[in-house]
Amino acid sequence: FFFNLFCSSPSFRLSLSFKMQNASGQYVDLYVPRKCSWTNRLIHSSDYAAVTVNIARVDADSGQRLPENDTFCLSGYIRSKGEGDAAINALAVRAGILPPL
């Protein structure tokens, strides 16, 4: 009985607000959701079919990998419709990785 009264008090609920700190001591968000690069919709944390693809930049002369990446996120909705390949191709053309068709 006492525990129920104590847990329902406003001061106890205020003390349960969770904050996360990074290595330098700044407060940061606990969760930052991803957005689908093709549809601009938020990708929910329960979307287990969503993928994040990193495409590395390559030097045209030497053929070696550069430290820059292009990151694309695709939701499970796009992948389940079978449009993932077309979306990656269009995003790569838009980013200048692939030549336009």
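Two strands are taken as paired if DSSP finds at least two bridges between them. This criterion applies to the hairpin described first below, in a model that is predicted.

**The S5–S6 hairpin**

Strand S5 covers residues 51-58 and strand S6 covers residues 65-74; the two run antiparallel and are joined by seven bridges. Within this pairing, Val51 stands opposite Leu74 of S6. A further position in the ladder is given by Ile55, whose bridge partner in S6 is Asp70. Six residues lie between the strands of the hairpin, and Gly63 takes a positive phi near 80° there.

**Overall architecture**

The chain contains four helices and six strands. Along the sequence these elements follow the pattern α-α-β-β-β-β-β-β-α-α. Of the 101 residues in the chain, 16% are buried. Among contacts with a separation of 6 or more, 36% are made by residues 24 or more positions apart.

**The nonpolar core**

In soluble globular proteins, nonpolar side chains tend to be buried together. In the present model, the largest nonpolar core has ten residues: Cys36, Ile43, Ala50, Phe72, Cys73, Leu74, Ile78, Ala87, Ile88 and Leu91. Strand S6 and helix H4 (84-95) each supply at least two residues of this core. Ile88 touches Val53, Phe72 and Leu74, when residues up to four places away in sequence are not counted. Leu74 thus appears both as a contact of Ile88 and as the residue opposite Val51.

**Ser75 and its surroundings**

Ser75 is found in the loop between S6 and helix H3 (76-80). Is Ser75 buried or exposed? Ser75 is classed as buried because its relative accessible area is 7%, which falls under the 20% limit. With residues up to four places away in sequence left out, Ser75 touches Cys36, Ile43, Asp47 and Ala50. Cys36, Ile43 and Ala50 are also listed as members of the largest nonpolar core.

**Cysteines**

A search of the whole structure finds zero disulfides. Why is there no bond between the sulfur of Cys36 and the closest cysteine sulfur? The closest cysteine sulfur to that of Cys36 belongs to Cys73 and is 7.9 Å away, so the two are too far apart for a bond; a disulfide would require the sulfur atoms to be within 2.5 Å. Both cysteines are buried, as the table shows.

| Residue | Relative accessible area | Closest cysteine sulfur |
|---|---|---|
| Cys36 | 1% | Cys73, 7.9 Å |
| Cys73 | 11% | Cys36, 7.9 Å |

**Asn40, Arg41 and aromatic rings**

Asn40 is located in the loop between strand S3 (34-35) and strand S4 (42-43). Most residues other than glycine have a negative phi. The phi of Asn40 is instead positive, near 60°. Asn40 counts as exposed because its relative accessibility is 54%, a value over the 50% limit.

Arg41 lies over the face of Tyr77, at 5.3 Å from the ring centre. Pairs between aromatic rings, by contrast, are absent: a search of the whole structure finds zero.

How values were computed:
Residues numbered from 1 in each chain as written. Predicted model: local features only at pLDDT ≥ 70, side-chain atom pairs only at ≥ 80, totals over all residues. Heavy atoms only, no water. Buried < 20%, exposed > 50% of the residue type's maximum accessible area, 1.4 Å probe, protein only. Core = buried A, V, L, I, M, F, W, Y, C linked by side-chain atoms within 4.5 Å. Contact = heavy atoms within 4.5 Å. Phe/Tyr/Trp six-rings, centres within 6.5 Å; stacked < 30°, edge-to-face > 60°. Lys NZ or Arg CZ within 6 Å of the ring centre and 35° of its normal.
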